[in-house]
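User: I would like to learn how to read the features of a metal-bearing protein model. Please take me through them one at a time.

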Amino acid sequence: MISIKNDAQIEKMRAAGRLLYSVLAELRQYVKPGVTTMYLNKIAHRMITDAGATPSFLGYEGFPASLCTSVNEVVVHGIPNDVPLAEGCILGLDCGLVLDGWQADSAYTIGVGNVSPEAKRLIDVTEECFWKGVSQMKIGHRLSDIGSSVQAWAESNGYQVIRALCGHGIGREMHEDPEVPNFGKPGHGPRLAPGMTLAIEPMISAGGYDVINDGWHIATKDGGWVSHYEHTVLITYGEPEILTLPIALAHAAEAGR
Ligand code: MG
Ligand code: MG
């Protein structure tokens, strides 16, 4: 069942979302060649706990860190380690927290030092895929309209959508109904309604979409690099609100694209 959040609950999700934004924004300045993903994890963990929130990834099904750090062909669930980041790689940072009982979930992919034009384009198109999906999050649209738009934009740019993983409802729990695939035909699934909160998270591959799983790390089978971009989004009576962006950008960001 898809839960509808009331105004008081949405206000709490805003607070959680804005805190998570501040954590992920802070991390950007530390991403450079030679830095370890474990160091980034420590920063994220400290910022979350200092703010009185709880990292939702830590201990989730046994995950050992507060931040997922996924390099190059790793799609998601990369475990932070002590290997220095190499110039030219791409790093997915995915983080979640719970504040006052309410969850926020957000991710982005960032180039480490100087990256190739191909890598930069993959990152940019993945963010564009997210906004294409969000543009469908309006009253009366159906759930599959989101993934259909994501897929169309990815494939028109020569990329593939990872099929094995998807977005999700979010609220008191990190993963709630419904699942939000990043592919499919439009016009299917539940109608979208105000008060629904969904984590929209395209995972876009420069190679194929088949994945392998070593227990935690999920990576592309053919080694194609993957970019991941995610926000927690509220459906309203008007434009969707991005809960994991600062207020100034929460409504305006899409208009600027
Ligand atoms: Mg996430
Ligand atoms: Mg998520």
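**Reading strands, metal sites and empty space**

Analyst: Let us begin with a single pair of facing residues: V76 lies opposite I218, a residue of β12. The model is a predicted one, in which local features require pLDDT of at least 70, side-chain atom pairs count only at pLDDT 80 or more, and totals for chains, interfaces and linings use all residues, while side-chain values rest on heavy atoms, without hydrogens and water. Residues are numbered from 1 along each chain as its sequence is written, with chains lettered from A and ligands numbered from 1 in the order of writing.

User: Which way do β3 and β12 run relative to each other, and how many bridges join them?

Analyst: In general, the strands of a sheet pair through backbone hydrogen bonds, in either a parallel or an antiparallel sense. Here a strand is a DSSP run of E with at least two residues, numbered from the N terminus, and two strands pair if DSSP finds at least two bridges between them. β3 and β12 (residues 218-220) are antiparallel and are joined by two bridges.

User: What is the order of strands in the open sheet that contains them?

Analyst: The order is β3-β12-β11, three strands with antiparallel pairing. β3 (74-76) and β11 (211-213) are the edge strands, each pairing on one side only. From one strand to the next the twist averages 40°, an angle between lines fitted to C-alpha atoms, taken from 0 to 180 degrees between N-to-C directions.

User: Which strands stand at the edges of the five-stranded sheet?

Analyst: That open sheet has the order β8-β7-β9-β14-β15, and its pairing is antiparallel. Its edges are β8 and β15 (241-242); each has a single partner strand, so one side of each lacks a neighbour in the sheet. β7 and β8 pair over three bridges in the antiparallel sense, and H168 has E179 of β8 as its bridge partner.

User: H168 brings me to the metals. Which residues coordinate the magnesium ion (ligand 2)?

Analyst: A donor is an N, O or S atom within 2.8 Å of the metal (3.2 Å for Na, K and Ca); water is not among the atoms, so sites may look incomplete. The magnesium ion (ligand 2) has D105 (OD), H168 (NE2), E201 (OE) and E230 (OE) as its donors, at 2.1 to 2.2 Å. D105 belongs to strand β5 (residues 102-111) and E201 to the loop between β9 (197-200) and β10 (203-205), so this pair ties together parts 96 residues apart in sequence. Both D105 and E201 are buried, that is, under 20% relative accessible area with a 1.4 Å probe and protein chains only (exposed is over 50%, partly exposed in between).

User: How far apart are the two magnesium ions, and which residue coordinates both?

Analyst: They are 3.2 Å apart, and D105 coordinates both. The magnesium ion (ligand 1) is coordinated by D94 (OD), D94 (OD), D105 (OD) and E230 (OE), at 2.0 to 2.7 Å. Its donor residues follow the spacing D-x10-D-x124-E. D94 lies in strand β4 (residues 90-99) and D105 in β5, so the pair links parts 11 residues apart in sequence. D94 is buried as well as D105.

User: How is empty space read, and what is the volume of the largest pocket?

Analyst: Rolling a probe the size of a water molecule over the atoms reveals where empty space is left. On a 1 Å grid over the protein atoms alone, a cavity is a set of points where a 1.4 Å probe fits but cannot get out; a pocket is an open set with protein on both sides within 12 Å along at least five of seven lines, and lining residues have an atom within 4 Å of a point. Points are joined across faces, edges and corners, and volume is the space filled by probe spheres set on them. The largest pocket has about 480 Å³. Of its 22 lining residues, Y60, H77, L165, H168 and H175 lie nearest its centre. β7 (167-169) and β8 (176-180) are the elements that give two or more residues to this lining, with β8 giving the most, three.

User: Which residues line the largest cavity?

Analyst: The lining consists of C68, S70, V75, V76, H77, G92, L93, D94 and H228. The cavity holds about 30 Å³ of space. β4 supplies the largest share of the lining, three residues.

Methods:
Helices (H or I, at least four residues) and strands (E, at least two) are DSSP runs, numbered from the N terminus.
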